[in-house]
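Please open the model in your viewer and keep the selection panel at hand, so that each stop of this tour can be picked out as you read.

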Amino acid sequence: MENIKEKKGIFKKFTSMCVGIMEKYLPDPFIFCALLTFVVFLGAWFLTSSSFLDVIKYWVDGFWSLLSFSMQMALVLVTGHALASSNLFKKMLSTFASGIKGPKQAIWVISIVSAIACILNWGFGLVIGALFAKEIAKKVKGVDYRLLIASAYTGFLVWHGGLSGSIPLQLASGNGESLAQQTAGAVTAAIPTSETMFSPMNIYIVVGLLIIVPLLNVAMFPSKDEVVEVDQRLLAEPVEEVLDKSKMTPAEKLENSRIVSILLAIMGFTYIIQYLITKGFALNLNLVNFIFLFLGILLHGTPKRYLNALAEAVKGAAGILLQFPFYAGIMGIMVGADANGISLARLMSDFFVNISTERTFPVFSFISAGVVNFFVPSGGGQWAVQAPIVMPAGQAIGVSAAKSAMAIAWGDAWTNMIQPFWALPALGIAGLGAKDIMGYCLIVTVVSGIFICTGFLLF
C-alpha cells in the first residue's frame with residue numbers, strides 16, 4: 001500500500017513539474033505559431049535547394065489557403081458559445097452538471113463525454129466538451145479548472161478513429177482515380193471502413209484510450225493546495241436589457257420579434273431534418289455549424305437576444321482569425337518543392353520510411369505523422385502531404401494500405417494534444433490560454449503515444 005502511495009506521489013510531482021514548465025515557458029499560441037514559421041522557413045531554405053525568395057513564395061502561396069476553414073472554425077466557436085448561452089441549453093447543461101459528485105468525478109465525466117462526442121463528430125465534440133466543462137465549473141466546488149478544460153480537450157484525441165475521421169472516410173468514399181492520384185498509385189480502389197475505423201486494431205486503440213485517458217486525467221488531479229478553481233469573472237453572465245414593448249420603435253419590434261426567429265428556424269431545420277433522413281449521422285463541419293446556428297436562433301427567442309449572444313461569443317475568436325493564416329503559410333512552406341521535387345515534408349517522411357521494417361513501418365509512420373502535424377495541423381493537409389510518400393512505401397514493404405493510412409490518421413490526432421491550433425476554440429470558450437492546459441496534455445500525449453504504438457505492433 002505504501003509503495004502505491006509513493007508511486008502516486010511521484011506521478012503527482014511529475015504532473016506538477018510538467019504543468020509548471022508549460023506555464024513558465026510555453027508562449028502565447030501566436031508566438032508558438034511564429035516560432036514554427038521561422039523553424040520551417042530555415043529548414044526549407046537550408047535543407048532543400050529552394051532559394052530565400054522561393055521559400056517566401058511558398059509561404060505566401062499557402063497563407064490564404066485556409067480562409068474557408070478558418071471561417072468554419074470561427075463559427076464553431078461563436079455559434080457553439082452562443083447556443084450554450086441560451087436559457088434552455090444552460091438549464092440542460094446545468095442539470096447534467098448538478099448530478100456530478102466531487103471534483104475527481106467531474107474530471108472523469110468530462111473526459112468520457114467529450115471523447116464520445118468527438119467519436120460521433122469532431123466539431124461537435126470539440127465545442128460541447130468545453131461548454132459542458134464550463135458549466136461543471138459552476139456547479140462542482142474544488143475542481144481544478146485547468147485540468148477540467150484539459151480533460152475536455154483530450155477527448156479530441158480519438159476523433160480520427162471515430163465516425164468523422166477524415167482519412168478513413170476519404171478512403172471509403174473516393175474513386176480509384178482520385179485515390180491513385182492522392183497516394184501516388186498505391187491505392188487504386190476504395191477501402192471500406194471495416195478495414196480502417198471498424199478494424200480490430202482501431203477498435204482496440206479507441207476503446208483503450210476511452211479507458212486510459214479518463215483514468216489518467218483523474219490521476220493528474222492536483223493536491224488540494226495546488227487546485228486552481230475557475231475565475232468567477234469567466235462565468236459572469238451579461239446583463240440583458242429589458243425593453244418596454246409599448247415604447248419600442250417599429251425597428252425595435254422587429255429586432256425583438258419571436259416570429260422572425262421561428263420562421264428562420266423552420267427554414268433551417270427543414271434542411272437539417274431532410275439531411276439526417278437522407279444521409280444519416282454523417283455530419284460535416286458545415287452541418288454542425290448550421291445546427292448550432294439555427295438551434296441558437298430558436299432557443300434565444302428573438303434576433304436581438306441572439307445578436308447580443310454572438311457579440312459576447314465573438315470575443316474568443318481572435319486567436320483563430322489571426323493564427324490560422326500563419327499555419328496555412330507554414331503548410332505552404334512544408335509542401336513547397338524545389339526543382340528536384342524535394343519538400344521539407346518529404347524529407348521528414350522519407351527519414352522515417354528509410355529506417356522502417358515491415359513490423360516497425362506503421363509505428364514510424366505514426367511518429368512521422370505526429371511530427372509533421374506540428375507544422376500541418378489538419379487531417380486533410382496531413383493526408384495530402386504524407387499519403388504520396390507513406391502509402392507507396394508501405395505497399396513496397398508489405399504493409400496493408402488500410403494500416404498505413406490509419407498510422408497517418410492516428411499520428412495526426414496524437415500530437416493535436418500539444419499543438420495549440422485545435423485547442424483555440426475550446427480555449428476561447430473557456431477563457432484560458434494554451435499554457436494553462438498543455439502541461440496536462442503533454443502527459444496524455446506521452447502515455448497515449450505509447451499505447452497507440454502497441455495497437456500497431458499487436459495487430
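What follows is a walk through several helices and a few single residues.

Before selecting anything, bear in mind that this is a predicted model, in which local features need pLDDT of at least 70 and side-chain atom pairs count only at pLDDT 80 or more, while totals for chains, interfaces and linings use all residues. Residues are numbered from 1 along each chain as its sequence is written, and side-chain values use heavy atoms, with hydrogens and water left out.

**Helix 6 and its surroundings**

Select residues 103–120, which form helix 6; helices here are DSSP runs (H or I, at least four residues), numbered from the N terminus. Then add helix 8, residues 145–154, which packs against helix 6 at an angle of about 25° with the axes 7 Å apart; the axes are lines fitted to C-alpha atoms over the stretch in contact, and angles run from 0 to 180 degrees between N-to-C directions. That angle makes helix 6 roughly parallel to helix 8, a term used for angles under 35 degrees. The crossing of the two, helix 6 and helix 8, is right-handed, meaning that the near helix is turned clockwise from the far one by less than a right angle.

Now show side chains: Ala 106, Ile 107, Ile 110, Ser 111 and Ser 114 of helix 6 meet Leu 147, Leu 148, Ser 151 and Ala 152 of helix 8, where contact means heavy atoms within 4.5 Å. The residues of this contact divide into six nonpolar, three polar and no charged; Ala, Val, Leu, Ile, Met, Phe, Trp, Tyr, Cys and Pro count as nonpolar, Asp, Glu, Lys and Arg as charged, and the others, Gly among them, as polar.

Next, centre on Pro 103 in helix 6, which counts as partly exposed at 23% relative accessibility; buried means under 20% relative accessible area, exposed over 50% and partly exposed in between, with a 1.4 Å probe and protein chains only. Pro 103 and Val 140 are 37 residues apart in sequence, yet 6.3 Å apart in space, C-alpha to C-alpha. Not counting residues up to four places away in sequence, Pro 103 touches Val 140, Lys 141, Gly 142, Val 143 and Phe 221.

Follow that last contact to Phe 221, in the loop between helix 11 and helix 12 (250–255). Is Phe 221 buried or exposed? At 6% relative accessibility, Phe 221 counts as buried, and its contacts, leaving aside neighbours within four places in sequence, include Lys 12, Lys 104, Ile 107, Asp 144 and Leu 147.

**Helix 11 against helix 20**

Select helix 11 (200–219) together with helix 20 (401–414). These two, helix 11 and helix 20, pack at an angle of about 25° with their axes 11 Å apart, which makes helix 11 roughly parallel to helix 20. Met 201, Asn 202, Ile 205, Val 206 and Leu 209 in helix 11 meet Lys 403, Met 406 and Trp 410 in helix 20, and by class this contact has six nonpolar, one polar and one charged residues.

In the loop between helix 10 and helix 11, stop at Ala 184, which has a positive phi of about 55° although it is not a glycine.

**Helix 9**

With helix 20 still shown, add helix 9, residues 166–173, whose buried residues are Ile 167, Pro 168 and Leu 171. They cover an arc of only 95° around the axis, which puts them on the same side of helix 9; the arc is that of the directions from the helix axis to the C-beta atoms. To see what these buried residues pack against, display helix 10 (176–182), helix 19 (379–397) and helix 20.

**Helix 21 and helix 22**

Move on to helix 21 (residues 420–430) and helix 22 (residues 434–458), which pack at an angle of about 120° with their axes 11 Å apart. Helix 21 and helix 22 are therefore oblique to each other, the term for angles that are neither under 35 degrees, nor over 145, nor from 65 to 115. Pro 420, Ala 423 and Leu 427 in helix 21 meet Ala 434, Ile 437 and Met 438 in helix 22, and the residues of this contact divide into six nonpolar, no polar and no charged.

**Last stop: helix 2**

Finally, select Gly 43 in helix 2 (residues 29–47), which counts as buried at 13% relative accessibility. Leaving aside neighbours within four places in sequence, Gly 43 is in contact with Thr 48 and Leu 344. Leu 42 is also found in helix 2, but at 43% relative accessibility Leu 42 counts as partly exposed.
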